[in-house]
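Trainee: I am new to this structure and would like a close look at a single part of it. Could you take me slowly through the aromatic rings and what lies around them?

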Amino acid sequence: MDAPLNLDLTHIRGREVSSKCDTVTWTGGHKSILPMISDPLSDVNLCDEVDNPIIKFMARLPESTISSRHVLFQPATSLGAPRVIEDMGVAFTRNQCVHITGVPLHTTSDIVSMDLLDAVFGISPMRPVCIHDTYLRCQDHVKPTMSGTIMSFLSARHDPTVIQCILDIPLAQISLPIQLMNIDHGLVHGWNQTTHNVPITSRVHPENFTMKGWGLLSHAGFLTYPHHDAEGMLTWVRLEAGLKFWAIFRLRSGRTDRIHLQELCVKLANYNVHKTWIHKHCDGEVVTLRAGDIFIMPPGVVHAVYTPVASFATGGHFYHHSCMHLTELSRYIDAEVASSATNQTVDHALETLRRMVIMLPYLSTRVVLYKRSLLALALMASKGRHYRAQGSNSSCVQDTETARPSADICDVVFEFFGVTGRVRPGDILFVGNQLDAGDIVDRVGLVELFKKRLVL
């Protein structure tokens, strides 16, 4: 019989956070601390200006349950099902997140410690890292980071005046459970299967591979502000120790045009300024992640994360053919307003997307393609400069050996969908429900056109 859940998370007051911290009760029943960082001159809680209003808003959202239309709940035992990846692909087409519970952990310890990080995950205590610091963020949200080590970060965990997080510790060895090893279409159907036809001759940005696995280390009381993840990637996270409240947001109106979806991203990214609008127009739910849970988000899902107790998670990013329409929408928003909508800039997307295109004539029919999703992939691969995120390096959209062969294949895709000089891809893609993947593609007809137009 499972042990009863401990809903009171306030035992850390006076030990890891200030004894003067206020508390908040979440809709799901948990009671947690509200972060407190005192101004050294006035003793005012600096977190009361931005962090705590957002956390209180999150706490009032309903807890995500198995009946949610926006989250597909799966027990870990379902990972052995024959079509588990295909079922998740269908969920991604619908813009559904996936919450997998009860996944075996890498360790039996639920305590974030140097021994856990070093012995189990190969993270050296002396490893230099970039640390996000709540006090620095309160002083200047544009410059929230400082340099340190894993050891200095963990030592500061027991300082009640410090609340910190390390957002992305590269862990290339980390992956999803073996049953989901083929879910990363960028690797499996992009890089893995195209280097014979199109050998790598240019410099490949390391983020094509380092973004596949990372660690996320948090003190108690750290809040990640509302944002969507960069470059239209899907995100997966597995909680190894601790607990996180993961809030996902959507428009109450149900509007699905790109103007309103972009507005949602921009307004949520500045909660204090747009609080009235947000309370009127935003719905959401909170997914409670415990050790042994995996959470997978489709591209562009606006989310905020509060860590009420010290936690460590592993995770990564990937691309999937089923939701390229969401990838395109997310990257469009990055190109328009990335500085206010995402928390990170990365520079690797174009090469991966082009290699996914190059594989299309040879792609297994087990991979289901959808009209709007496939058209979105072809548009991103052929119009790389149009999707360069604000603040990204110009080199990320330079043409390489993948440019010409992917362009030839994109031209065939456009022809297949009736794109001409008078009918542009955007005339099909940018109208209607932006969250709709479209009808399933006739693969026989597409392959016949590939054979007719290309030398395969």
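Mentor: In this predicted model, the charged end of Arg137 is placed over the ring of Tyr225, at 4.0 Å from the centre of that ring. A second arginine, Arg258, lies over the face of Tyr332, and here the distance to the ring centre is 4.6 Å.

Turning from charges over rings to rings beside rings, a search of the whole structure finds 9 aromatic pairs. Among them is the pair of Trp26 and Phe245, which is stacked, with 4.0 Å from centre to centre and 25 degrees between the planes. This pair links distant parts of the chain, since Trp26 belongs to the loop between strand 1 (23–25) and strand 2 (31–33), whereas Phe245 belongs to strand 10 (residues 234–251), 219 residues apart. Both Trp26 and Phe245 are buried.

Trp26 also pairs with Tyr306: their ring centres are 6.1 Å apart and their planes meet at 15 degrees, so this pair is stacked; the cut-off for stacking is planes under 30 degrees apart. Because Tyr306 is in strand 13 (residues 303–318) while Trp26 is in the loop between strand 1 and strand 2, the pair ties together parts that are 280 residues apart in sequence. Trp26 has a relative accessible area of 5% and Tyr306 one of 0%, and buried means under 20%, so both residues count as buried. Taken together, the ring pairs link Trp26, Phe245 and Tyr306 into a cluster.

Terms used. Residues numbered from 1 in each chain as written. Predicted model: local features only at pLDDT ≥ 70, side-chain atom pairs only at ≥ 80, totals over all residues. Heavy atoms only, no water. Phe/Tyr/Trp six-rings, centres within 6.5 Å; stacked < 30°, edge-to-face > 60°. Helix = DSSP H or I, 4+ residues; strand = E, 2+ residues; numbered from the N terminus. Buried < 20%, exposed > 50% of the residue type's maximum accessible area, 1.4 Å probe, protein only. Lys NZ or Arg CZ within 6 Å of the ring centre and 35° of its normal.
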